[in-house]
Amino acid sequence: MMRAVRHIAVFVIAMVLMLGLPFFTSDYFKARVNGADAVTGATTALDAPSGEYVVVINLDKHTDQAALDCWREFFETGECEELYNVFEDLSCTVSSGDPSGLEMAKSFQSRLPENQMTIRTEDGIMMLSKAEKGRFDVIVMSKEFCDKNSGSRITDRTNALLLNVKGEV
């Protein structure tokens, strides 16, 4: 009898450790305890760097006109009143050889709710090559990088919207 009770106790303790410990250390549990909201934005928006930038949006991936209008307003002015009604996530590609483009992309990301925009850096030539085939969501690059590498040709070869953006949004 005592052996069976000890066996059950060891089993219960092992299960609590195996299942409970990972749960109690998970971000989900911490968010539940702290009461964090899933749409909580960044605490401070990063200042946009000065200069001129180009944002290219793949229209094939953004078919909802209201959301597209909001994204356009967001990239041109840095804000959009209807942004919290847009449930699209963005995958932003930036050239690894364009540090000012990356800084601008991070500035945009800081103005959005957490995880709504992911930033991926990639070799510039590879990024433009993929973009010409329509394999992108949003691209942010400095005007200098765009002019040097003929980045505007993306709109000639795909269904894309090219926005010229001024820094210090």
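Biologist: Why is Gly-97 called exposed?

Modeller: Gly-97 has a relative accessibility of 57%. The terms run as follows: buried is under 20% relative accessible area, exposed is over 50%, and partly exposed is in between, with a 1.4 Å probe and protein chains only. The value of 57% is over 50%, so Gly-97 counts as exposed. Before we go on: this is a predicted model, in which local features need pLDDT of at least 70 and side-chain atom pairs count only at pLDDT 80 or more, while totals for chains, interfaces and linings use all residues. Residues are numbered from 1 along each chain as its sequence is written, and side-chain values use heavy atoms, with hydrogens and water left out.

Biologist: Thanks! Where is Gly-97 placed?

Modeller: Gly-97 sits in the loop between strand 2 (90-95) and helix 4 (99-110). Those elements are DSSP runs numbered from the N terminus: helices are H or I with at least four residues, strands are E with at least two. The C-alpha atom of Gly-97 is 9.8 Å from that of Met-141, although 44 residues separate the two along the chain.

Biologist: How many helices and strands does the protein chain have?

Modeller: There are seven helices and five strands, and along the sequence they follow the pattern α-α-β-α-β-α-β-α-β-α-α-β. Of the 169 residues in the chain, 36% are buried.

Biologist: What makes strand 1 largely enclosed?

Modeller: Strand 1 covers residues 52-58, and six of its seven residues are buried, so the rest of the structure largely encloses this strand.

Biologist: Which strands pair with strand 1?

Modeller: Two strands pair if DSSP finds at least two bridges between them. Strand 1 and strand 5 (residues 160-166) have seven bridges, in the antiparallel sense, and strand 1 and strand 4 (residues 138-142) have five, also antiparallel. Seven and five both satisfy "at least two", so strand 1 is paired with strand 5 and with strand 4. Tyr-53 shows this nicely: its bridge partner in strand 5 is Val-165, and in strand 4 it is Ser-142.

Biologist: Is Asn-58 buried or exposed?

Modeller: Asn-58 belongs to strand 1. Its relative accessible area is 2%, so by the cut-off Asn-58 is buried.

Biologist: What is Asn-58 in contact with?

Modeller: Contact means heavy atoms within 4.5 Å. Leaving aside neighbours within four places in sequence, Asn-58 is in contact with Gly-134, Phe-136, Asp-137 and Asn-159. A polar atom of the Asn-58 side chain also lies 2.8 Å from the backbone oxygen of Phe-136.

Biologist: Why are Trp-71 and Phe-74 called edge-to-face?

Modeller: Rings of Phe, Tyr and Trp (its six-membered ring) pair if their centres lie within 6.5 Å; planes under 30 degrees apart are stacked, over 60 edge-to-face, and the rest tilted. By this rule there are five aromatic pairs. In the pair of Trp-71 and Phe-74, the centres are 6.0 Å apart and the planes make an angle of 80°. Since 6.0 Å is within 6.5 Å and 80° is over 60, the rings pair and the pair is edge-to-face. Trp-71 and Phe-74 are three residues apart in helix 3 (residues 65-77), which means about one helical turn separates them. Trp-71 and Phe-74 are both buried, and together with Phe-75 and Phe-108 they form one aromatic cluster.

Biologist: Why does Glu-73 count as partly exposed?

Modeller: Glu-73, also in helix 3, has a relative accessible area of 37%, a value between the two cut-offs, so Glu-73 is partly exposed.

Biologist: How many disulfides does the structure hold?

Modeller: Zero. A disulfide is a pair of cysteine sulfur atoms within 2.5 Å. As for burial, Cys-92 has a relative accessibility of 0% and counts as buried, and Cys-146, at 4%, counts as buried too.

Biologist: What sets Asn-115 apart in its phi?

Modeller: Asn-115 has a positive phi of about 70° although it is not a glycine. Asn-115 lies in the loop between helix 4 and strand 3 (117-122), and its relative accessible area of 61% makes Asn-115 exposed. Ser-150, another residue other than glycine, has a positive phi near 55°. Ser-150 is in the loop between helix 6 (143-148) and helix 7 (153-157), and at 38% relative accessibility Ser-150 counts as partly exposed.

Methods
Polar contact = N/O pair within 3.5 Å; in protein donor to acceptor, adjacent residues only side chain to side chain.
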